[in-house]
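Thanks for coming. I will go through one structure this morning, starting from the inside and working outwards. Please have a look at it before I go on.

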Amino acid sequence: FSGQYSPYLPPFSAPQTTPARPLVAVGAVVWNDDGEVLLIRRGNPPRAGSWSIPGGKVEWGESLTDAVVREVREETGIAIQVLGLIEVLETRTPGQDGVISHHYVLIDYSAKSIGGMLQAGDDAMDARFVKLSDLGAYALWNETQRIIEKSAALLRDL
């Protein structure tokens with residue numbers, strides 16, 4: 001488990017619109033047969049407009065792997081086979097008022113593309129497969145970059 005904690009974040013004091021507990025979300029580092037990784041450009045907060053891996057919130061009663069398969073399909077049109085867990089981490093984001101506005105427990109998986117037609121959907125503004133050597137052009141969140149690199153290393157070791 002890799003917790004991301006910052007002593008600079010204020011104590012949690014939830015406004016009416018914020019859930020009283022962290023939200024569980026899943027993400028997938030999806031590889032195609034050419035060794036490229038699937039990225040989406042986020043359409044919604046947090047980090048709207050930035051590039052990331054596909055993923056989203058787990059729905060009530062849904063298994064974690066079913067959630068990641070669904071989220072990838074909804075955001076990119078790609079069908080995947082989940083290969084394994086990469087890591088569990090969390091992120092807490094303060095709003096403009098200093099109160100935590102987003103608190104997620106993120107469960108990231110490695111996966112491979114097994115079909116579908118690539119197209120941005122759901123809350124993704126864009127979706128594309130990218131060479132590892134080109135990731136620097138996408139200004140990824142440092143945790144996203146790290147998770148992609150960890151997935152690549154785990155798959156190399158198989």
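The largest nonpolar core has 18 residues. Val29, Leu39, Leu135, Leu140 and Ile148 are the ones with the most contacts inside that core. Keep in mind that this is a predicted model. Which parts of the chain supply the core? Strands S1 (23-31), S2 (37-42), S5 (78-94) and S6 (100-116), together with helix H2, each give at least two residues to it. As a general point, nonpolar side chains in soluble globular proteins tend to be buried together.

Take Leu135 from that list. What is Leu135 in contact with, leaving aside its neighbours within four places in sequence? The answer is Val37, Leu39, Val130, Leu140, Gln145 and Ile148. Of these, Leu39, Leu140 and Ile148 were also on the list of residues with the most contacts inside the core.

Apart from this core lies another one, of 13 residues. Val30, Ile107, Tyr109 and Phe129 are among them.

Now the strands. S1 and S6 pair in the parallel sense, over nine bridges. Val30, which I just named as part of the 13-residue core, stands opposite Ala111 in S6. S5 and S6 pair as well, but in the antiparallel sense and over 15 bridges. Here Val88 has Ile107 in S6 as its bridge partner, and Ile107 is another residue from the 13-residue core. S5 and S6 form a hairpin, with five residues between them. In the turn sits Gly98, with a positive phi of about 90°.

There is a second positive phi to mention. Most residues other than glycine have a negative phi. Ala139 is not a glycine, yet its phi is positive, near 45°. Where is Ala139 found? It is in the loop between strand S7 (124-130) and helix H2 (142-156). Is Ala139 buried or exposed? Its relative accessibility is 64%, so Ala139 counts as exposed.

Next, charges. Side chains of opposite charge can pair when their charged atoms come close. A search of the whole structure finds eight salt bridges. I will show three of them.

The first on my list is in helix H2, between Arg146 and Glu143, at 2.8 Å from N to O. The two residues are three apart in the helix, about one turn. Glu143 is buried, because its relative accessible area is 14%, while Arg146, with 28%, is partly exposed.

Then there is a network. Salt bridges that share partners join Glu59, Glu62, Arg70, Glu71 and Glu74 into one. Within it, Arg70 and Glu74 form a salt bridge, with their closest N and O atoms 3.2 Å apart. Why are these two separated by about one helical turn? Because they are four residues apart in helix H1, residues 64-76. Arg70 has a relative accessibility of 9% and so counts as buried. Glu74, at 31%, counts as partly exposed.

The last one pairs Arg128 with Asp126, and the closest N and O atoms there are 2.4 Å apart. Arg128 counts as partly exposed, at 31% relative accessibility. Asp126 also counts as partly exposed, at 23%.

To recap: a nonpolar core of 18 residues, another of 13, a hairpin formed by S5 and S6, and eight salt bridges in the whole structure. That is what I have.

Notes: Residues numbered from 1 in each chain as written. Predicted model: local features only at pLDDT ≥ 70, side-chain atom pairs only at ≥ 80, totals over all residues. Heavy atoms only, no water. Buried < 20%, exposed > 50% of the residue type's maximum accessible area, 1.4 Å probe, protein only. Salt bridge = Lys/Arg side-chain N within 4 Å of Asp/Glu carboxyl O. Core = buried A, V, L, I, M, F, W, Y, C linked by side-chain atoms within 4.5 Å. Contact = heavy atoms within 4.5 Å. Pairing = 2+ DSSP bridges.
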